[in-house]
Amino acid sequence: LIKLGVFDSGLGGLTVYRALRKSIPYANILYLGDTARVPYGTKSAATVTRYALEIVHYLIDREVEAIVVACNTASAFAMECLRKTCKVPVFGVVEPGAKAAVKATRNGVVGVVGTRGTVFSGAYQRAIKELSSSVEVFTEPCPLFVPLVEEGWFDEEITYEVAYRYLGPLIAKKVDTLVLGCTHYPLLKDVISRVMGGDVVLIDSADETSFEVKDYLECGGRLKDQELGGDQFEVTDSPSRFADVGRIFLDRNLEEVFQVNVTEGEEVDGSDL
Ligand code: DGL
């Protein structure tokens with residue numbers, strides 16, 4: 001079985017894990033949540049890139065054969081650097097989401113929501129424009145969505161209020177497609193869809209990424225095994241909150257979560273990957 005390394009700043013990447021598990025049952029997945037240093041969405045490009053490099057170094061030491069950056073902020077800031085320095089294929093969530101948005105839009109007006117880091121990095125805007133320069137892109141950072149999801153407040157008045165406030169400007173721009181450019185937002189799909197209106201297509205970067213990874217593995221003939229893959233969940237802070245809130249993301253208990261140290265050893269500058 002192929003061994004995939006999947007990482008996020010914390011729990012949010014479990015939406016990507018869930019999508020990967022569904023489309024690629026025949027893989028062993030090592031999931032690393034950097035819970036000691038979450039959130040990434042408020043940090044600088046340099047800091048997030050350093051964290052991401054430390055984690056891929058750790059994952060490569062654990063002998064993963066491909067890496068999925070299951071975090072929009074890390075994908076937005078660090079993809080280029082990770083691809084340049086890693087000897088295994090690295091997949092991010094931004095490009096698949098951008099591709100799906102360009103395909104889905106009918107009026108050529110696309111909205112992107114994400115953390116401040118993701119939105120201000122301009123990564124989605126660039127990826128969409130590269131695919132189609134005529135598509136107009138409007139963005140809105142929605143930082144409060146993350147804690148609302150982690151509280152499990154999906155159908156509360158306050159969640160709708162926050163959503164109206166963030167999404168109002170995008171409705172005014174008449175976006176017909178909205179990229180959910182943060183790991184947590186797919187869990188707010190119902191709220192976001194009701195606020196945006198049923199005609200607006202919501203792009204789930206998690207699903208799109210899992211299709212891309214699956215295509216890649218299938219092309220390389222790596223998905224022939226009929227045995228189901230196993231999971232390993234690791235975090236950089238105490239595992240208990242991860243296991244608790246993980247239930248919201250996966251609808252099941254996470255029995256075993258291990259705490260690990262990804263920064264052990266010498267400083268990482270990427271040159272030895
Ligand atoms: N995983 C992050 C993302 O997708 C959201 C949480 C954070 O800020 O670390 O951008």
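# Ring pairs, cysteines and ligand contacts

Modeller: Y31 and F242 are both buried. The model in which these residues lie is a predicted one.

Biologist: How many aromatic pairs does a search of the whole structure find?

Modeller: Rings are paired when their centres lie within 6.5 Å. With the whole structure searched, the number of aromatic pairs is 7.

Biologist: Is the pair formed by Y31 and F242 stacked, tilted or edge-to-face?

Modeller: The centres of the Y31 and F242 rings are 5.9 Å apart, and the angle between their planes is 40°. Planes under 30 degrees apart would count as stacked and those over 60 as edge-to-face, with the rest as tilted. The pair of Y31 and F242 is therefore tilted.

Biologist: How many residues apart in sequence are the parts that Y31 and F242 tie together?

Modeller: Y31 belongs to strand β2 (residues 27-33), and F242 to helix α11 (residues 239-250). The pair thus ties together parts whose separation in sequence is 211 residues.

Biologist: Which residues do ring pairs link into a cluster that includes Y31?

Modeller: Y31 and F242 form one aromatic pair, and both residues belong to a cluster linked by ring pairs. The members of this cluster are Y17, Y31, F233 and F242.

Biologist: What is the geometry of the pair formed by F145 and Y185?

Modeller: The ring centres of F145 and Y185 are 5.1 Å apart, and their planes are at 90°. An angle over 60 degrees is the criterion that matters here. The pair is therefore edge-to-face.

Biologist: Where in the chain does Y185, the partner of F145, lie?

Modeller: F145 is in helix α7 (residues 145-150), and the pair links distant parts of the chain, 40 residues apart. F145 has 0% relative accessibility and counts as buried; Y185 is likewise buried, at a relative accessible area of 0%. As for its place, Y185 is in the loop between β7 (177-181) and α9 (189-196).

Biologist: Over the face of which residue does R37 lie?

Modeller: R37 is 3.9 Å from the centre of the ring in question. That ring belongs to Y51.

Biologist: How many disulfides does the structure hold?

Modeller: A disulfide is a covalent bond between the sulfur atoms of two cysteines. For C81, the closest cysteine sulfur is that of C86, and at 8.4 Å it is too far for a bond. In the structure, the number of disulfides is 0.

Biologist: Is C219 buried or exposed?

Modeller: C81, at 28% relative accessibility, counts as partly exposed. C219 has a relative accessible area of 73%, and the threshold for exposure is over 50%. C219 is therefore exposed.

Biologist: How much of the ligand's accessible area does the protein cover?

Modeller: Among the residues that surround the ligand are D8, V38, Y40, C71 and C182. Polar side-chain atoms of S9 and T73 each lie 2.6 Å from an oxygen atom of the ligand, while a backbone N or O atom of G41 lies 2.8 Å from an oxygen atom of the ligand. On its own the ligand has 290 Å² of accessible area, and the share covered by the protein is 97%.

Biologist: Is the peptide bond from V38 to P39 cis or trans?

Modeller: V38 and P39 both belong to the residues that surround the ligand, and P39 is found in the loop between β2 and α2 (45-61). The omega of the peptide bond from V38 to P39 is near 0°. The bond is cis.

Biologist: What is the phi of D251, which is not a glycine?

Modeller: E63, in the loop between α2 and β3 (66-69), has a positive phi of about 65° although it is not a glycine. E63 is exposed, with a relative accessible area of 63%. D251 lies in the loop between α11 and β10 (257-259) and is exposed at 72%. Its phi is positive, at about 60°.

Biologist: Which residue's backbone oxygen does the side chain of S121 reach?

Modeller: S121 lies in helix α5 (residues 116-121) and counts as buried at 15% relative accessibility. Its side chain reaches a backbone oxygen at 2.7 Å, and that oxygen belongs to T118.

Methods: Residues numbered from 1 in each chain as written. Predicted model: local features only at pLDDT ≥ 70, side-chain atom pairs only at ≥ 80, totals over all residues. Heavy atoms only, no water. Phe/Tyr/Trp six-rings, centres within 6.5 Å; stacked < 30°, edge-to-face > 60°. Helix = DSSP H or I, 4+ residues; strand = E, 2+ residues; numbered from the N terminus. Buried < 20%, exposed > 50% of the residue type's maximum accessible area, 1.4 Å probe, protein only. Lys NZ or Arg CZ within 6 Å of the ring centre and 35° of its normal. Disulfide = S-S within 2.5 Å. Near = heavy atom within 4 Å. Polar contact = N/O pair within 3.5 Å; in protein donor to acceptor, adjacent residues only side chain to side chain. Areas by Shrake-Rupley, 256 points an atom, 1.4 Å probe, with all protein chains shown as cover.
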